Amino acid sequence: MLRPLRSIALLLAALSMAYAGTGSAHHSTGMFDQAKTIKLVGTVKQFQWTNPHSWIQLDVTNEAGAKEEWSIEGNSPNQLIRLGWRPGTLKPGDNITLLVKPMRDGAKGGMFVEITLADGTVLKQYDR
Amino acid sequence: MSVWAAEAAAKLPDWSGAWQLRGRGESRASATNGGPAKVGERNLPPYNPAWQKKFEANAELAKQDRFPDPLSFCGIPVGYPRVLNLPDSYEFVVRPERVWILTENGPNLMRIYTDGRDHPAADLMWPTYTGDSVGHWEGDALVFDTVSIKNDGDTIFDRNGVVFSDKIHVVTRLRITAPDTLTADVTVIDPGALTEPYKIVRQFRRIEAGARVYDYACRENNRNPIDASGKTLTLGTDGRVIDLAK
């Protein structure tokens with residue numbers, strides 16, 4: 001029988017796997033590095049409240065001071081609306097912070113996990 | 001409504017509302033999203049040697065993220081029993097003569113005839129994604145039989161490589177097993193691919209009262225097309241591929 005501590009560790013591993021697995025309804029999430037979470041701070045260029053995925057086009061100023069555009073995808077509107085998101089949650093010009101599972105190949109894309117609006121409101125991509 | 005229909009309807013269970021798959025398919029039997037589960041955590045189908053090889057080849061493709069999933073192609077039904085393995089919500093519409101399973105995700109609709117009819121004669125059937133389903137009520141349980149399912153490459157059960165042959169025949173038992181919990185006991189009988197029946201359990205929880213079910217048009221803004229090699233691409237708003245890796 002497993003010792004309690006080990007059981008908890010296994011449970012956490014299982015939960016994190018399930019968590020990682022819920023990211024995409026429409027396609028495999030293999031292109032995202034699930035082991036990595038990056039923080040992006042930027043300005044919303046466009047919010048696409050669409051199927052099969054919603055997208056946040058984010059203007060980010062990189063370390064060299066240059067502006068670059070990121071394409072960050074998330075769940076479909078039917079799932080997001082049940083988690084408190086709205087079609088009008090993001091507007092061009094909004095300054096937000098995102099937690100993102102980045103693309104493995106280093107492209108300026110990824111899957112959002114959580115966003116923080118300018119007023120401190122936090123919205124998540126998952127219900128757990 | 002006739003007196004017969006009213007009496008028959010009164011005996012039917014209440015499966016109203018919207019439902020969501022528990023664990024989003026990440027159950028012990030098999031996972032639908034999120035890549036391969038660890039060996040030992042899943043109960044793989046009892047494949048015969050030829051289909052075991054096919055599964056292993058699929059699993060290898062899945063590892064490379066190139067295992068084709070009809071769901072990713074947008075607009076193709078996922079097939080049965082994959083219909084019971086989807087994200088987003090479900091509705092179960094129960095009438096005396098028929099039950100419909102409607103999925104919010106994708107163009108999936110199961111029609112289960114419960115008016116006493118049998119499957120069509122062989123010359124009136126051809127393989128389709130969702131097949132032909134006839135059922136009956138055993139108390140509060142709907143038991144239905146599904147045949148004539150298009151398979152062997154056209155549909156999959158999950159993204160880890162589980163597939164069945166065109167000899168697939170599925171028996172499903174659906175009933176409320178706990179408050180707001182609908183349990184599907186699924187038995188896959190497939191003499192083409194399996195050495196014995198494969199049993200899968202799926203559970204759905206009723207989501208909040210009054211929940212709406214929404215449009216899901218997969219081609220509305222599909223910025224993740226699949227290329228000829230099976231790789232999922234990511235497009236920018238201008239339609240150009242942003243992936244750096246080939």
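Helices, of at least four residues, and strands, of at least two, are DSSP runs numbered from the N terminus. On that basis, chain A reads α-β-β-β-α-β-β-β along its sequence. The structure described here is a predicted model. This briefing covers the make-up of chain A, two cis peptide bonds, two residues with positive phi, and one exposed glycine in a loop.

**Overall make-up of chain A**

- The secondary structure of chain A consists of 2 helices and 6 strands.
- Chain A has 128 residues, of which 40% are buried.
- Among the contacts in chain A with a separation of 6 or more, 54% join residues 24 or more positions apart.

**Cis peptide bonds**

- Most peptide bonds are trans.
- In chain A, the bond from A:Asn51 to A:Pro52 is cis, and its omega is near -5 degrees.
- A:Pro52 sits in the loop that runs between strand S1 (38-48) and strand S2 (54-61) of chain A.
- In chain B, the bond from B:Tyr80 to B:Pro81 is cis, and its omega is near 10 degrees.
- B:Pro81 belongs to the loop between helix H3 (70-73) and strand S2 (89-95) of chain B.

**Positive phi in chain B**

- Most residues other than glycine have a negative phi.
- B:Cys74, a residue other than glycine, has a positive phi near 70 degrees.
- The loop between H3 and S2 of chain B holds B:Cys74, and B:Pro81 is also found in the loop between these elements.
- B:Cys74 is buried because 20 other C-beta atoms lie within 10 Å, and the cut-off for a buried residue is 20 or more.
- B:Ser148 likewise has a positive phi, near 60 degrees, and is a residue other than glycine.
- The position of B:Ser148 is in the loop between strand S6 (141-147) and strand S7 (169-178) of chain B.
- B:Ser148 counts as buried because it has 20 C-beta neighbours inside 10 Å.

**An exposed glycine in chain A**

- A:Gly120 is placed in the loop between strand S5 (109-116) and strand S6 (122-124) of chain A.
- A:Gly120 has 6 C-beta neighbours inside 10 Å and therefore counts as exposed, since the exposed class takes in residues with 12 or fewer.
- A:Gly120 and A:Gly42 are 78 residues apart along the chain, and a distance of 15 Å separates their C-alpha atoms.

Technical notes. Residues numbered from 1 in each chain as written. Chains lettered and ligands numbered in written order. Predicted model: local features only at pLDDT ≥ 70, side-chain atom pairs only at ≥ 80, totals over all residues. Contact = placed C-beta atoms within 7 Å.
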